Amino acid sequence: MAITVNGVELGEAEIVQEMANHKNAEDPRREAEIACILRHLMLAEAVRLGVQGSDEEATIAALLDSQAPGPQPDEAECRKFYAANPARFTVGEYVEASHILFQPVEGQGMPALMEFAKQTLEQLKKQPEHFENMARELSDCPSAAMGGNLGQIGRGDTAPEFENALFAAKEGAIHPRLVHTRHGLHIIRVARHDPGRQMAYEEVADDIAQVLRAVGRDTAWRHYAGALVARADITGIDLSANLAAGHLLGAEEKQ
């Protein structure tokens, strides 16, 4: 069924071209259709309001800047964000860690691997002094040659689930649970955890203001896009769920 926006039908070629911008979306075609709808609505609104730009993208940007500029954060908001996100403004944090990796192999099911890894973990909880030897014997990671030693690991150096376990682990102890990542199952031990230092508010104030401006601008753009869609005559697609959830993705997010 063809999609029309205030009586104008969206062309298939336009939708297909837009899909290239949404290749990683769960439903690239739907996201492309929404983006095309928003582009049509915003360009029409720009014409109505006399807003102009050097091209379509510049025109949409000018429209959003004039009609949905977003709030400007004050210092109190910035300081509140700083206080609520200490890890975000911490530098130099790292752990010195080791692990034993159990990777699935052909012919071995995950339940069997899980059971073997659990048994190994329970044994190491009772005899942690055997960690290095068992890492050399059992680990499927190249670090096995060094007793499982991974050296110093900072924030962002590893997969999120592995990082979360490392930085939450008790210093000098074996983590009490197996850690599951795309690489397999891990037994981890953290020898040292250096918490680094939290940067002073003055060092990051400008960055915080920029982040909060971007968040406020994005919210304002979404509300504005939703208002345009709500009062438009659109057929061939149901956007009610997107409107209710505030998930109108498309042209406004390219700016």
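Two strands pair if DSSP finds at least two bridges between them. Keep that in your pocket for the exercises below, and remember that you're looking at a predicted model.

**Exercise 1. Work out how β7 and β8 are joined, and what else pairs with β8.**

Step 1. Start with the hairpin: β7 and β8 form one, with two residues between them.

Step 2. Count the bridges. There are three between β7 and β8, and these strands run antiparallel. Three satisfies the rule of at least two bridges, so β7 and β8 pair. To see one bridge for yourself, find Thr181, whose partner in β8 is Gly184.

Step 3. Now try β6. Two bridges tie β6 to β8, again antiparallel, and Ala173 sits opposite Val190 of β8.

Step 4. Finish with β4, which is joined to β8 by nine bridges and runs antiparallel to it. Look for Ser98, which stands opposite Arg189 in β8.

**Exercise 2. Find the edge strands of the sheet that contains β1.**

Step 1. Get the strand order. The sheet is open and has three strands, in the order β2-β1-β10, with antiparallel pairing.

Step 2. Pick out the ends of that order. The edge strands are β2 (8–9) and β10 (234–235), since each pairs on one side only.

Step 3. Check the link between β1 (residues 4–5) and β2: two bridges join these antiparallel strands. Val5 has Val8 of β2 as its bridge partner.

Step 4. Zoom in on Thr4, which is found in β1. Leaving out residues up to four places away in sequence, Thr4 touches Glu9, Asp233, Ile234 and Thr235. Its C-alpha atom is also 8.4 Å from that of Ile37, although Thr4 and Ile37 are 33 residues apart along the chain.

**Exercise 3. Describe how α4 and α2 each pack against α8.**

Step 1. Take α4 (residues 75–84) and α8 (residues 201–230). Their axes come within 9 Å and cross at roughly 105 degrees. That angle means α4 is roughly perpendicular to α8.

Step 2. See who meets whom. From α4 come Glu75, Glu77, Cys78, Arg79, Phe81 and Tyr82, and they meet Tyr201, Glu202, Val204, Ile208, Ala209, Val211 and Leu212 in α8. Sorted by class, this contact of α4 with α8 has nine nonpolar, no polar and four charged residues.

Step 3. Move on to α2 (residues 28–49). Here the axes of α2 and α8 are 10 Å apart, and the packing angle is about 90 degrees. So α2 is roughly perpendicular to α8 too.

Step 4. List the residues: Leu38, Leu41, Met42, Glu45 and Leu49 of α2 make the contact with Tyr224, Ala225, Leu228 and Val229 of α8. By class, the contact of α2 with α8 has eight nonpolar, no polar and one charged residue.

**Exercise 4. Decide whether Cys36 and Cys78 are buried or exposed, and count the disulfides.**

Step 1. Recall the cut-off: a residue is buried when its relative accessible area is under 20%.

Step 2. Apply it to Cys36. Its relative accessibility is 0%, so Cys36 is buried.

Step 3. Do likewise for Cys78, where the relative accessible area is 4%; that makes Cys78 buried.

Step 4. Now for the disulfides: the structure holds zero of them.

**Exercise 5. Place His175 in the model and look at what lies around it.**

Step 1. Find the loop between β6 (173–174) and β7 (179–181); that's where His175 is.

Step 2. Check the burial of His175. With a relative accessible area of 10%, His175 counts as buried.

Step 3. List the contacts. Setting aside residues up to four places away in sequence, His175 touches Leu121, Ala165, Ala169 and Ile188.

Step 4. Follow one of those contacts, Ala165, into α7 (residues 160–168). The buried residues of that helix are Phe162, Glu163, Ala165, Leu166 and Phe167. Their cover includes β4 (94–102), β5 (149–154), β7 and β8 (184–194).

Step 5. For a sense of scale, jump from His175 to Val47. Going C-alpha to C-alpha, they are 62 Å apart in space, and in sequence they are 128 residues apart.

Key: Residues are numbered from 1 along each chain as its sequence is written. This is a predicted model: local features need pLDDT of at least 70, side-chain atom pairs count only at pLDDT 80 or more; totals for chains, interfaces and linings use all residues. Side-chain values use heavy atoms; hydrogens and water are left out. Axes are lines fitted to C-alpha atoms, for helices over the stretch in contact, and angles run from 0 to 180 degrees between N-to-C directions. Helices (H or I, at least four residues) and strands (E, at least two) are DSSP runs, numbered from the N terminus. Angles under 35 degrees count as roughly parallel, over 145 as roughly antiparallel, 65 to 115 as roughly perpendicular and the rest as oblique. Contact means heavy atoms within 4.5 Å. Ala, Val, Leu, Ile, Met, Phe, Trp, Tyr, Cys and Pro count as nonpolar, Asp, Glu, Lys and Arg as charged, and the others, Gly among them, as polar. A disulfide is a pair of cysteine sulfur atoms within 2.5 Å. Buried means under 20% relative accessible area, exposed over 50%, partly exposed in between (1.4 Å probe, protein chains only).
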